[in-house]
Amino acid sequence: EENVNEKINQQFEELITTLPSDKGLIVPTLINYKGFWYPPISIFKGVLLMQDQFKARSTDIFLCSAPKTGTTWLKALTFATMNRSKFEFATHPLLTTVPHNCMPYLDAYITDHDVEALPSPRLLSSHSAYSLLPKSTRESPDCKIVYICRNPKDVFVSDYLFSMKLRAPMFPPISMEEAFDLFCKGVCLYGPYFEHVLGYWKARLESPEKILFLKYEEMRRDPVKHVKHLAEFLGKPFSAEEEKAGVIEEILKLCSFDKLTSLEVSKTGKVAFVPEIAIGNETFYRKGKVGDSKNHLTPEMIERLDKITEEKLKGTGFAF
Ligand code: A3P
């Protein structure tokens, strides 16, 4: 283990000084590793370690997403669905634990060595691009990946406002215009965003039985349908009795934006994926609405991002 850590430390020090870099929102610099943007802090060490050390099990479930696409909601829904026979709704762990702390975050593998000790089936999460997931995750025919995406305008606005809450005051401020330019040229945490989405989209076309592809907007429109589908995909379909007893509705209520934001844990707790940054739990919840970006972006910005979206998606068969 000592040797592994030393090797990764060396690799980390070398890469953060040699990789291409650009501006970041939460931390002032991002580095480009194999096409995707990471912060040069220990989370990147976690990614290197995860790629080197992590071994997928055939029963693993990976919840993958680019930041601000609905990760928190997906984690809550999946945790509640998978563990529905284990917990009562009145005393459910999600009432006292923020969804991020209900499962390991693989990109922070550096602080999550207990991943190996978890019983199967493991519920794991990652913001990394498909091509940067551990080889065993991509190659294991049986483990499952659930991916969520969201329209890029709402992702950008959600990400900008979230990041400004976390950016340390010692760094010079970044305007929304500047952040927007960065996003449009693909520079954003774990991005470029379109390449992130299309990487999972392509993988899902090749292995539809392995990857479930969800859209935030569609889930907001018809959450019952999508939670049912999620349960089927994960091999835990709801029985007729469960449906009649309203279990799906109970799960949706428990994981709803209003319920989660009303909890004491969402107002006071913090999540520290890595030692450098602690994220106040309240920061994960803002509005939870579809289309709020129109209240923040100018018509010119909307036109520009719509045009980029059209170009990026041309010929892919995918649409937001
Ligand atoms: P907004 O900033 O548009 O409100 P992530 O969890 O990937 O960081 O995404 C955060 C976005 O999901 C935020 O969007 C947040 O408000 C929204 N969100 C968080 N919890 C939610 C829930 N339970 N239901 C619906 N949306 C939720």
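This is a short tour of a predicted model, with stops at the ligand, two pockets and one tyrosine.

**Stop 1: the ligand**

Start by selecting the ligand and showing the side chains around it. You should find 19 residues surrounding the ligand, and the closest are Thr71, Thr72, Ser158, Lys287 and Gly288. Now pick out Ser158: an N or O atom in its side chain is 2.6 Å from an oxygen atom of the ligand. Next, turn on the backbone of Gly288, where an N or O atom sits 2.7 Å from a ligand oxygen. For a contact to a ligand nitrogen, go to Cys255, which has a polar backbone atom 2.9 Å from a nitrogen atom of the ligand.

**Stop 2: Tyr160**

Select Tyr160 and colour helix H5, residues 152–166, which is the helix that holds Tyr160. Is Tyr160 buried or exposed? Its relative accessibility is 10%, so Tyr160 counts as buried, the cut-off for that label being under 20%.

What does Tyr160 touch beyond its neighbours within four places in sequence? Show Leu25, Ile174, Ser175, Met176 and Ala179, since those are the residues in contact with Tyr160. If you'd like a distance label on screen, draw one between the C-alpha atoms of Tyr160 and Ile174: it should read 9.3 Å, for a pair 14 residues apart in sequence.

**Stop 3: the largest pocket**

Now hop over to Asn83, Lys86, Pro119, Pro121 and Leu123. Among the 15 residues lining the largest pocket, these are the closest to its centre. The space here comes to about 310 Å³. Try colouring the lining by class: you'll get 11 nonpolar, 2 polar and 2 charged residues.

**Stop 4: the second largest pocket**

The last stop has a volume of about 160 Å³. Which elements each supply at least two residues of its lining? Colour helix H7 (193–206), strand S7 (211–215) and helix H9 (223–233) to see them. S7 gives the most to this lining, with 4 residues.

To bring up the whole wall, select Trp201, Arg204, Leu212, Phe213, Leu214, Lys215, Glu218, Lys225, His226, His229 and Phe318. Colour by class once more, and the lining of this second largest pocket splits into 5 nonpolar, 2 polar and 4 charged residues.

How values were computed
Residues numbered from 1 in each chain as written. Predicted model: local features only at pLDDT ≥ 70, side-chain atom pairs only at ≥ 80, totals over all residues. Heavy atoms only, no water. 1 Å grid on protein atoms, 1.4 Å probe; cavity = no way out; pocket = protein on both sides within 12 Å on 5 of 7 lines; lining within 4 Å. Points joined across faces, edges and corners; volume = space filled by probe spheres on them. Nonpolar A, V, L, I, M, F, W, Y, C, P; charged D, E, K, R; others polar. Buried < 20%, exposed > 50% of the residue type's maximum accessible area, 1.4 Å probe, protein only. Contact = heavy atoms within 4.5 Å. Near = heavy atom within 4 Å. Polar contact = N/O pair within 3.5 Å; in protein donor to acceptor, adjacent residues only side chain to side chain.
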